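Biologist: Hi! Could you pull up the model so we can talk it through?

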Amino acid sequence: MADETRIDEVRFTEAGRALVFYTDGPPPLPEVRLKHAKEFPSREVLRAFIEGEDLWGLAGRIQAALRPWLVVNPQLDDPRQAQYRTARFETVVGTEAP
Amino acid sequence: MTALRLMTGQGIELVGNSSPVIELTTFDNIADRIGTVFALPDDITITHVWIRYGARVTGTTPVQYKTGLQGVDGSGLPNGTYLGGGSPASGTFTPPASTAWDATGQWIALDNSYAGTRGEMMSHIVEPVGDPATGPNTSSFARDIDIARRNGQAIPYSLTKDGAAAWTKNGTDLPIYGVANGSPATSSATAVFGYPIVTANTSANFSTAAEAGGQLTMPDICDTFKISGIYFQGRVLGALAKTAAIHIYNDASTPVSQQSKTGLDSDWCASPNSTHRLHEMYFTTLAALSPGTPYNIVVSPQDAAQNCTLSYIDVAYAQDMMALPFGTGFVWTERASGGATAFTAIATRRPMLDLIISDITEPVGGGAGGGAHIIGGTVVR
């Protein structure tokens, strides 16, 4: 995963899994969004991943992609992403102890 | 004492601060492909191949797909020709227009079986038959497991092909795939190879008298054996002087501890709340254990709110375990409280727990060849 990793979309399934769709490199053309995804088995695992408690090798890079997206709240070129950010994604980012 | 450390999650190394994550590729072009190049471990007539579906990404009605076995060209890429000549080793399937297949492993029957030979290099392919760009009706499929700090995969390896582009090899992650004679989905498999792993996860916290670990039934290849230690990935919360223990119980309705080691306190090596730490622990007095008898080898919290965890991998069907070391003879086990509470085994779950086995005695009457036979024979494969 390149340092330019861009998070396209995050989905949570009814079964509790989290799918993080991402694209390496510059902003993708619409037709290549959602090409690659990482599947987390639960929101807890994703949250630990984001919060940095789970610092395995790749975490730092995807975390670098996720944190600015969450904290800085950049302008998103796909309005659907705002829905995921506010309505879905923030639901898994907490500060409570594990 | 000669000790053997037998990995129970072959290829899924125990790694501290790690959560293996499934990697998916979405098929949004009729020329998209995913594949795995691997060496066949034994002579086997392959009748089924395994795919791990992700989900419907766009649209509701997935297109038809083809999967099967191809040869490998001189560059290590699938050669584009299904094995079997005029009787190609391939089969088709159509994911359902529902969530029923989401995050599941599926064994797909080949239209024609293929007699593979030990050591043969081949590739397993998934490709669309219908055009997923129509609609669009795209689906994702898992290709590998991203494992912390692994970063050095040679064979087997996964590949992806994005539309008209050339194949791209993945030299980092562990491919997930499977080939079988017979179908584990119907408990009719006689051989299963590969890594048919559906997901990897970490258990919920367990505390006080709850216990979790692995249930081992050693194949009948020795007279007795001993387990001198275990190596596991999980958390043993050490706050406030809390400690845990490790035990080996028999599998009775009122389990009896055969051996143990108490006083495991992760304060020694890690801060409280740390996740996914590695623990190499040894028992004090070793019992002579018998093959063919199930034993529960577990982590045992000693206090309330101690919040131990143990990492694990899941497969779809019990016979999928045949692809892993110890086969169906090593599965997840747990119980909610101690005393007269029996352990419950989960046949499709494998703890991230390695066994350090020692003092293996030859079978009475000789013949099986002792420890060396274990390394090269039934236990490992």
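Modeller: In chain B, 78% of the contacts between residues at least 6 apart in sequence join residues at least 24 apart; a contact means C-beta atoms, placed from the backbone, within 7 Å. This is a predicted model, where local features need pLDDT of at least 70, side-chain atom pairs count only at pLDDT 80 or more, and totals for chains, interfaces and linings use all residues. Residues are numbered from 1 along each chain as its sequence is written, with chains lettered from A and ligands numbered from 1 in the order in which they are written.

Biologist: Cool. How many helices and strands are in chain B?

Modeller: One helix and 27 strands, counted as DSSP runs (H or I, at least four residues; E, at least two) numbered from the N terminus.

Biologist: And which domains does chain B have?

Modeller: Domain 1 is 21-196 and domain 2 is 203-376, with bounds from an automatic or database domain assignment. Their contact takes 13 residues from domain 1 of chain B and seven from domain 2 of chain B.

Biologist: Which strand gives the most on the domain 1 side?

Modeller: Strand β15 (residues 191-194) of chain B, with four residues.

Biologist: Switching topic: which residues have the most contacts inside the largest nonpolar core?

Modeller: B:L69, B:I197, B:I297 and B:V299, in a core of 100 residues. Such a core joins buried Ala, Val, Leu, Ile, Met, Phe, Trp, Tyr and Cys through C-beta atoms within 7 Å, buried meaning 20 or more other C-beta atoms within 10 Å of a residue's own.

Biologist: Where does that core lie, and why?

Modeller: Both domains of chain B give residues to this core, so it lies between them.

Key:
Two residues are in contact if their C-beta atoms, placed from the backbone, lie within 7 Å. A residue is buried if 20 or more other C-beta atoms lie within 10 Å of its own, exposed if 12 or fewer, and partly exposed in between; C-beta atoms are placed from the backbone.
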